[in-house]
Amino acid sequence: MIEMGILKEILGREVFVKFLLQNNNVIAYAWHYTEEKALNHLRRIMDYHLLEGSVLSSRDLKEWLAERLREVLIEGERFRLPEIEYKNKRVYIELIKVPHGKTITYGELSRRAGTRYHEMLIALMRNPLQVLIPCHRLLTRRGTLMGFYPLGKEVKKRLLEMEGVHLEADWNE
């Protein structure tokens, strides 16, 4: 399965992915280390954003995701959000503006989006298009890693390094 190979190559771990489609367009996806957890995470994303659609997983969808990840992580392209009214969409719009290979702090994102810090964190935990909306480009004000639910800080560090960002030795404080 080549598409799982590229996802594993990018993320450093095997993941299960569930996609939410509306009118044959991907409007959200969730990944996790088990199929059940991926589905549960997608349901939380759907509930948060009040999204409806068909929940699917297929080779074609995984290939679509692998190609979009290549575009964002390797080629440095900016992802274009679907025409969906996501809750706290301003957080995602501002996050997409952070250039490839650059980082900002969580506090700076909150300021740019005009969103309370706590609301911004919840929006990030319910990111409907994780990595395409590049939440991995966020650091604490001390320059350390925080979060990256559900895949963890090691994956976040890996993604940043793919973009040429090198963290200090104490990145995990």
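**View 1. H41, a buried residue of helix α2.** In this predicted model, H41 has a relative accessible area of 3%, so H41 counts as buried, given that buried means under 20%. You will find H41 in helix α2, which covers residues 35-49. Looking past the neighbours within four places in sequence, H41 is in contact with A30, M125, R126, Y149 and P150.

**View 2. S110, a residue of helix α5.** Is S110 buried or exposed? The relative accessibility of S110 is 9%, and therefore S110 counts as buried. Helix α5 is the home of S110 and takes in residues 106-113. Once the neighbours within four places in sequence are set aside, the contacts of S110 are T115, R116, Y117 and M120.

**View 3. K8, a partly exposed residue of helix α1.** Here we meet K8, which sits in helix α1, residues 2-11. K8 counts as partly exposed because its relative accessibility is 42%, and partly exposed covers the range between the buried limit of 20% and the exposed limit of 50%. Which residues does K8 touch, not counting those up to four places away in sequence? They are R13, E14 and R158.

**View 4. K8 and E85 shown together.** This view pairs K8 with E85, which is 77 residues apart from K8 along the chain. How far are their C-alpha atoms separated? The separation between the C-alpha atoms of K8 and E85 is 31 Å. As a reminder for finding your place, K8 belongs to helix α1.

Methods. Residues are numbered from 1 along each chain as its sequence is written. This is a predicted model: local features need pLDDT of at least 70, side-chain atom pairs count only at pLDDT 80 or more; totals for chains, interfaces and linings use all residues. Side-chain values use heavy atoms; hydrogens and water are left out. Helices (H or I, at least four residues) and strands (E, at least two) are DSSP runs, numbered from the N terminus. Buried means under 20% relative accessible area, exposed over 50%, partly exposed in between (1.4 Å probe, protein chains only). Contact means heavy atoms within 4.5 Å.
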